[in-house]
Amino acid sequence: MSLDKSTTTKTEYMECKFTAEPGQVGVDMRLESQVIPSRGNFKYLGSVIHGGGEIDEDVTHRIGVGWMKWRLASGVLCDKRLLPLLKGKFYKAVVRPAMMYGAECWPVKNLHIQKMRVAEMRMLRWMCGNTRMDKIRNVDIREKVLVAPIDDKMREARLRWFGHVQRRSPDAPVRMCEQLVMEGTRRGRRRPKKYWEEVIRQDMTRLQIFEDMTLDRKMWRSSIRVIGLAHHDNYHEFCRLLGRFKVNYQLSELVNVESYGDWIRLVAEFTLRSLQSWQWASSSVYYLLGLWSRLVSSVPYLKGDTPSLLSEFVPEIVKSFITSRFGSFQGEISDLSENPLDNVDLLQDQLDCLPYLCRFQYESCSSYIMQITDPLLQMYMESADPQVLTVVETKFAWIVHIIAAIVKTKQLSGYSGESQEILDAELSARVLRLINVTDSGLRSQRYAETSKQRLDLAILVFFQNFRKSYVGDQAIHSSKQLYAKLAELLGLHDHMLILNVIVGKIATNLKFYGESEEVISQTLNLMLEMASGYMTAKLLVKLDTTQLIISNRNREEFPFLGDFRCSRSRTTFYYIIGLLIFMEDSFLKFKASMDPLLQVLLSLELILDALFRTDDVKQALIGLMRDLRGIAMATSSRRTYGFLFDWLYPAHIPLLLKAIRIWADTPEVTTPLLKFIAEFVLNKSQRLNFEISSPNGILLFREVSKLIVAYGSRILSLPSHVDMYQFKYKGIWISLTILSRALAGNYVNFGVFEIYGDRALADAFDISMRMALSIPLADILAYRKLSGAYFTFLEIMMKNQIHLILNLDSSSFIFIAGSLESGLKVLDANIKSQCASAVDNLATFYFDHITAGESPTNPEALNLAQHLADCPNIFLEVSSTALFI
């Protein structure tokens, strides 16, 4: 049989790998003499079919299709004139069906559900004109547009299809597929793949329905419909309703109701069931725990002999919460879903309420926590099985989070008393003992494991809360019982020893977590919190471990300093180092501490211009600028800023100019350099208050002007780029920020430049305006940081240097006026305020210098008159916008 050549060249095949049996390697599939290429997946009728049976690519594809439909309908969905309910109906008719096409046959995992949820919520928030920055709950967004969660609709579609299949004849091809058995196969290692039938069984268990019910189509359809408490939104609202009981009624009123006993028992049962349904009810349990925490907080004020019955149920709720958190991890093992420990907001909501329940029956609850902690610690010390260690670490992460929340309530609610402190010491001793174990033996080789990282993150939260409650001069005097118990258990008799443990753990994390950005970030946040407090920083400087961190800050000791993923953490690290160095208030010690950075500066200054564009120079510059920015952030007084200024100026400023001139087309270099300059010229806490006879302010601005001119003249000459924000706009808004901060710093008399014919101010303004005018107004408004820097610059120029604005040509002035009008219409209140202030300053100048019956005399007034003559309606348009926003 002969085939057309075009047919053979277009033909491809896909091998379905249903088992772990190795395929035939090196064997080509041929059609006559033509080798047919192999594909890992292909698209069929809109669905992406994968050779391994996975649906990840199909889910991603459907989300992309949904976004495509959403963009096509964005004219309707984003129209502010339409009612949200109408937008919701349009979304349900156009966008959601495209996203859910083929979803009834997906063997979904929680990871896939989460992706669909995130995509849908982004669409719904955008439809309502909100972002996550507005901090509006998902449930409130759904209520506004009346759209049910997409995971509920996916479950409904699966069960509807399942009922359709079950009602078919056993001889139907779709039913015969159910009876296929793969014989002679061997499954691979790891967890077996999740199949569609498994998902269906989970759905039926959740809704408490049975396979026999599929024969009655009407009953089956009514059973799977998203209604009642099976509807997540209904369930959530019911939990919110329960949470409002204690807000609207006092406990003394509730206990006197005849059916109070039955009601509190039913609420307890409902809470226990909800805690066990952690995957579905995790966002709603907050309201239930809130109800119970408010109830127990009212017990001391309860009068009368009527029992509240809370002591009967609260310990069981605490125990159920802990066991359910352990169960959530078992669910993760079975389905690779997101661990609840990673959802910081949800974790914080739940742990804010739980400690009040624990302290209500503290003796029994703390005893329960210690009973489960001691055997786990023994297992953790003895086991060498990685899977066992993973389970134990995750359980410990939950326990440490709970203990940290309990300790936190001491400072918030004023729980005190010898018995409370002794129990706090007992629980804290378990955590401190655990810390010694986590970084020894086999555990010290598990820093790359996610479970170990979660545990260490929980330990950092514990340290943060314990320090606030029990570390400090006042805390140690009011917590003698706690320290006496810790001395008995661990030999830690004062807060200096506790601080040494904390700093030791910080040093360990910084040394071994080179590839975990989150752990490094949280570790540095804890250290920054301690270094920012005057008394705590004084104590830190006395510790040998702290001095070792200061003196050995290099990539060999702390690998994260060389990892580009932790670049922000590097700046934070040097911010902390700067705070600790300046705490000693000695210029000699400052110079000694800056010696490693000085060596980098000197080595870079020796490199010729022709050899300056190498990767080694690039990495050295990036690291140096981030380090200097961190040190500059730590200068909070005139004296400490003087240390850095005298160390840097004038010897090393030319290196910055050289770097900006040679690397202007490389944002990886220019961004940290410009951000350092932006921090260096910021007059926070009046730190740039030079002596009245000192020329340092003028000299600093001249160097800043040179840097802005050098960067701007080169960036404007470069061609367009695919990512204009990263390549050009980001550097421009930082440059505008630098000039704005310098102009508003009040440490330079700018009239000096005009008197002596120095063009530093004029050149910096000219190049800044050229950079700003090179950006389309639509792009300025689209990027939040860019628009913030642009309008801040205009406000400061209109206030302090309006003559430079008025001396622009008419087209530039009209662009500025139009941008102010557009800025008055945006949603950001800060930008509106800045635009209004700029317009006010412009209007004030107009009425002061251009009045009826008098002709303007000074050049700036003449220029303004000319601008208004060229565009007579501009003032009217801007003023009307300002009045009617």
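In the predicted model, the buried residues of helix 35 are covered by elements that include helix 32 (615-634), helix 33 (638-648), helix 34 (653-662), helix 36 (696-715) and helix 37 (724-744). Helix 35 itself comprises residues 667-680, and 12 of its 14 residues are buried. Among these buried positions are Pro667, Pro672, Leu673, Leu674, Phe676, Ile677 and Phe680, together with the polar or charged residues Thr670, Thr671 and Glu679. The distance from the first C-alpha of helix 35 to its last is 19 Å, close to the 20 Å expected at 1.5 Å a residue. Helix 32, one of the covering elements, is likewise mostly covered, with 14 of its 20 residues buried. The end C-alpha atoms of helix 32 lie 29 Å apart, which agrees with the 28 Å that its 20 residues should span at 1.5 Å a residue.

Aromatic side chains were examined next. The count comes to 36 aromatic pairs. Phe573 and Tyr574 form an edge-to-face pair, with 5.6 Å between centres and 85° between the planes; both residues are buried. A tilted pair is formed by Phe582 and Phe643, at 6.4 Å centre to centre and 35° between the planes. Because Phe582 lies in helix 29 (residues 567-583) and Phe643 in helix 33, this pair ties together parts that are 61 residues apart in sequence. Phe582 and Phe643 are both buried. Ring pairs also link Tyr641, Phe645, Tyr649, Phe676, Phe680 and Phe690 into a cluster; Phe676 and Phe680 are among the buried residues of helix 35.

Two arginine side chains are placed over aromatic rings. The charged end of Arg325 sits over the ring of Trp398, 5.7 Å from the ring centre, and that of Arg443 sits over the ring of Tyr380, 5.6 Å from the ring centre.

The largest nonpolar core contains 227 residues, of which Trp292, Phe462 and Phe573 touch the most other members. Helix 20 (residues 386-413) gives the most to this core, contributing 13 residues. Domain 2 (617-775) and domain 3 (790-884) both give residues to the core, which therefore lies between them. With neighbours within four places in sequence left aside, Phe573 is in contact with Leu510, Leu524, Ile549, Arg553, Phe558, Phe560 and Leu561. A second, separate core has 29 residues, including Met99, Met116, Ala119 and Cys128.

Methods. Residues are numbered from 1 along each chain as its sequence is written. This is a predicted model: local features need pLDDT of at least 70, side-chain atom pairs count only at pLDDT 80 or more; totals for chains, interfaces and linings use all residues. Side-chain values use heavy atoms; hydrogens and water are left out. Helices (H or I, at least four residues) and strands (E, at least two) are DSSP runs, numbered from the N terminus. The expected span of a helix is 1.5 Å times one less than its number of residues. Buried means under 20% relative accessible area, exposed over 50%, partly exposed in between (1.4 Å probe, protein chains only). Contact means heavy atoms within 4.5 Å. Rings of Phe, Tyr and Trp (its six-membered ring) pair if their centres lie within 6.5 Å; planes under 30 degrees apart count as stacked, over 60 as edge-to-face and the rest as tilted. A charge sits over a ring if NZ of Lys or CZ of Arg is within 6 Å of the ring centre and within 35 degrees of the ring normal. A nonpolar core is a set of buried Ala, Val, Leu, Ile, Met, Phe, Trp, Tyr and Cys residues joined through side-chain atoms within 4.5 Å. Domain bounds come from an automatic or database domain assignment.
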